[in-house]
Amino acid sequence: MSMDRIEDRLAVADVVHAYAEGVDDGDCARVASLFAPDCVFRAFAGPKGEARGIAEVEKLLDRLLTTFRMTSHHVSNSRIAFDGADRAAATTALHAWHRFVEERPDGLLWGRYVDTFVRIDGSWLFAERELRIAGESEFPFAWIPMR
């Protein structure tokens, strides 16, 4: 593996980690900036769970994150495969804890992010991101199941 490809792999992993950190910080604009202009983001099942374009990603994230007082997203086991110089596919395991604003039990998720990345002007960005859930506890909406 070339040094350039190792650097690309680390840069893609940094985007995955920056997403988790930004979500936990509640910084929707910073998280949305990790997406390509013509991106697709699928956070949960149904048409309200999908956003297209950076502005819509930020709106969807804001809608979601305002339901939580705190979150803690733990990502691991990333696998990254490159499809040419400026495209990559990745899967990353997720375990996430959510404390709701309303009084109710905390929500837990176990699943996987399935991502497509593109490099634009030297930066790796999400072209597509879909959250697929293997298990959950205490959430009031439908998730996209793991396949």
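1. Let's start with the lining of the largest cavity. Its residues divide into twelve nonpolar and two polar, with no charged ones. Bear in mind that this is a predicted model. The cavity itself holds about 170 Å³ of space, and the count comes to one cavity of 30 Å³ or more.

2. Who sits around that space? The lining has 14 residues, and those nearest the centre of the cavity are Tyr19, Leu64, His73, His98 and Leu131. Among the elements, α1, α3, β3 and β5 (107-120) each put in at least two lining residues. Helix α3 gives the largest share, with three residues.

3. That makes α3 worth a look of its own. The helix runs over residues 54-65, twelve in total, and at 1.5 Å a residue it should span 16 Å; the C-alpha atoms at its ends are 16 Å apart, so the expected figure and the model agree.

4. Which residues of α3 are buried? Val57, Leu60, Leu61, Leu64 and Leu65 are. Looking down the helix axis, these buried residues fall within an arc of 120 degrees, so they line one face of α3. Ala55 and Lys59, on the other side of the helix, are exposed.

5. As for what that buried set packs against, there are two helices and three strands to check in your viewer: α1 (3-25) and α2 (28-32), then β1 (35-42), β2 (50-52) and β3 (68-82).

6. Now for the largest pocket, with a volume of about 160 Å³. Its lining is made up of Phe44, Lys48, Arg63, Leu64, Thr67, Phe100, Glu102, Arg104, Pro140 and Phe141. By class, that is five nonpolar residues, one polar and four charged, whereas the lining of the largest cavity has no charged residues. Leu64 turns up in the pocket lining and is also one of the residues nearest the centre of the cavity.

7. One last residue to click on is Pro37, which is found in strand β1. Is Pro37 buried or exposed? Its relative accessible area is 57%, and exposed means over 50%, so Pro37 counts as exposed. Leaving aside residues up to four places away in sequence, Pro37 touches Gly53, Ile54 and Ile120. Arg147 lies 110 residues from Pro37 along the chain, and the C-alpha atoms of the two are separated by 27 Å.

Technical notes: Residues numbered from 1 in each chain as written. Predicted model: local features only at pLDDT ≥ 70, side-chain atom pairs only at ≥ 80, totals over all residues. Heavy atoms only, no water. Helix = DSSP H or I, 4+ residues; strand = E, 2+ residues; numbered from the N terminus. Expected span 1.5 Å × (residues − 1). Buried < 20%, exposed > 50% of the residue type's maximum accessible area, 1.4 Å probe, protein only. Arc of directions from axis to C-beta. Contact = heavy atoms within 4.5 Å. 1 Å grid on protein atoms, 1.4 Å probe; cavity = no way out; pocket = protein on both sides within 12 Å on 5 of 7 lines; lining within 4 Å. Points joined across faces, edges and corners; volume = space filled by probe spheres on them. Nonpolar A, V, L, I, M, F, W, Y, C, P; charged D, E, K, R; others polar.
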